[in-house]
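This briefing addresses selected local features of one protein chain. Please consult the sequence and the structure shown below.

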Amino acid sequence: MTTLNGAKDDSSPPREATPGLRPGLVVAALGVVFGDIGTSPLYALRAALTQTPGVAPVAGDILGVLSLVFWALILVVTIKYVTVVMRADNRGEGGILALMALATRSLPEGRLKRAALAAGILGASLFFGECTITPAISVLSAIEGLIVVDPTFEHLVVPLSIVVLVALFMVQRYGTGRVGAMFGPITAAWFVAIGVLGVAAIARNPAVLEALSPHHAVLFFAYHEFTAFLVLGAVILVVTGAEALFADMGHFGRAPIRAGWLGLVLPALTLNYFGQGALLLGNPSAIVNPFYLLAPGWVRLPLVLLATAATIIASQAVISGAYSIARQAMQLGFCPRLTVRHTSGEERGQIYMPQVNAALFVAVLLLVLSFRHSDALAAAYGLAVSGTFACGSLLGFLVARRVWGWNWAVTGGLFGLFLLIDLAFLGSTLLKIPDGAWFPLLLGLALFLLMTSWKRGRDLMFDRWRTDSLPLASFLARLPQSRTIRVPGTAVFMTGNPDYVPNALLHNLKHNKVLHERVLFITVLTDDIPVVPPERRMVVEQLAPGIHRVILHYGFMESPNIPRALVELKRHGIEVDPMQVSFFLGREVVVPAQVPKMSWWRHWLFLVMARNAVPATEFFRIPSDRVVELGVRVAI
């Protein structure tokens, strides 16, 4: 049974969030971190200039939209994420749930802490919506380049996209270690290529550089008024993937990500967007696909192949991110146990989660078959991104005030600006609910309800369990007078609360009337840090002759392994062979209480998730032939 240790613990040394700036790390970061945001030029500018009535590829609108694009890249990505938010690492790890853990650690119990938890869970839920849309829109937009090469290929776009996506999700089980080394160079080639295409177009029409001035964005709003607000729902597409800059910080550190962004990615994206604008200033009809029409005819087919490779890498990045977020949610107690398979013996972060992979694949396939075109998916994309941004700004404000100790003026001014931008994007994308934005909203709310229902149900189960259980101190005090028969062997009892007797032990005594000569009470606690140092992994305490309490600490980025922990007991003077141990587990059977403390629908959701959770034996990697399960009815 896994519980969340909410106690503040700052005793462990923080992991290094900023390793030395090595070229190899920068190249590796290019392939993993920037894949999503790097493929946005395929569809973002076209969507901004075509999806809003009254906005067209005319000079004033082109310069106004380009100005919005450029300043979105500067304010949202460069200043908010790269400069400010990436300072908020939780022992070296980033991401919305790591930010939530960092924020809530500094808050006392109460409404504010519950609100911070809700913001983190909502942000994570919306991130899953982004993870389903990114593969669909990226692959579709890349394959659509075939239409520019030859219009007769139009009927092949959806079938070829499905083939690429099927192959992508099928190879997930093998891990990304073998092909990971190719990601960085391919992505670097992609950024160089799109930058060169942009430079060539700008050289032919340098007047487009006027859009660097923010006054063109102001003029665009002054002329279009409310219509300009609607365009923000497409402009946000240029910053999709900004969350990955923060989420992948634990893999590469701040320095390589910042160097990659400032040294290559930001210049390449800016040049390509402005190159597309320069093309449109001279040829408005190129709006049908300004990205591919930047290239000469003989380059377009190779560019389609390079774009497809780049979008596969972008999709791989968000799929891996979904695995990481799902495992964090599981370890923090907001998700039932899921299967976690490590695909690398060296890299802890390389994991495969078959249930998450299957759910993503079904969702992506349905999106491709339903929307069938990248422009149709663009409306759905922005809501997931802007919602995650807003949640991150709220949590970042709490971290700046409570953890960094910034004064109110600086914190309120800076994060107020960030939140204002995020809410403007969010408001614009909410207006696109009828056009497809309903999908990430519906998916995000569904996941939010699932995770909060699971958390509430588990909390109620633990409360009821503590009420009905026998304190361990009382049991140990009575044990010498009980004349309980001790039999040879070692028994391990998994318990969620180290101060109470596991129900499995009480049932074993009741029915079998014996107690093993060596008893281990093992409690697994998930701390609100990513990784627990080896020296703090295990706390062992002798409670009585032959009876020990073992508390195992894991970070929320780690997977428990009980047999491995038993081997490590040798350092504490306890010799245990995991293959000769009997593991006693309690299987909870949840039933409705006479006065339920959860609404019927939350109770139903909790039961469904509990029945489909991965068994404790698999989650804790306990040998199945050494397990004795005893059923326990719990009324909540």
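A residue is termed buried under 20% relative accessible area, exposed over 50%, and partly exposed in between. The model is predicted. The points below concern a helix pair, two loop residues with positive phi, and the surroundings of one aspartate.

**Packing of α5 and α16**
- Helix α5, spanning residues 96-105, packs against helix α16, spanning residues 297-331, at an angle of about 35°.
- The axes of α5 and α16 lie 9 Å apart.
- On the α5 side the contact involves Ile96, Leu97 and Ala98, which meet Ile325, Gln328 and Ala329 of α16.
- The residues of this contact comprise five nonpolar, one polar and no charged.

**Positive phi in loops**
- Most residues other than glycine have a negative phi.
- Glu225, although not a glycine, has a positive phi of about 55°.
- The loop holding Glu225 lies between α10 (215-224) and α11 (226-235).
- Glu225 has a relative accessible area of 58% and is therefore exposed.
- Arg372 is likewise not a glycine and has a positive phi of about 65°.
- Arg372 belongs to the loop between α17 (354-371) and α18 (374-403).
- Arg372 counts as partly exposed because its relative accessibility is 46%, a value between the 20% and 50% limits.

**Asp375 in α18**
- Asp375 is located in helix α18 and is partly exposed, with a relative accessible area of 21%.
- Leaving aside residues up to four places away in sequence, Asp375 touches Arg46 and Gln51.
- Asp375 and Asn283 are 92 residues apart along the chain, and their C-alpha atoms are separated by 20 Å.

Key:
Residues numbered from 1 in each chain as written. Predicted model: local features only at pLDDT ≥ 70, side-chain atom pairs only at ≥ 80, totals over all residues. Heavy atoms only, no water. Axes fitted to C-alpha atoms, helices over the stretch in contact; angles between N-to-C directions. Helix = DSSP H or I, 4+ residues; strand = E, 2+ residues; numbered from the N terminus. Contact = heavy atoms within 4.5 Å. Nonpolar A, V, L, I, M, F, W, Y, C, P; charged D, E, K, R; others polar. Buried < 20%, exposed > 50% of the residue type's maximum accessible area, 1.4 Å probe, protein only.
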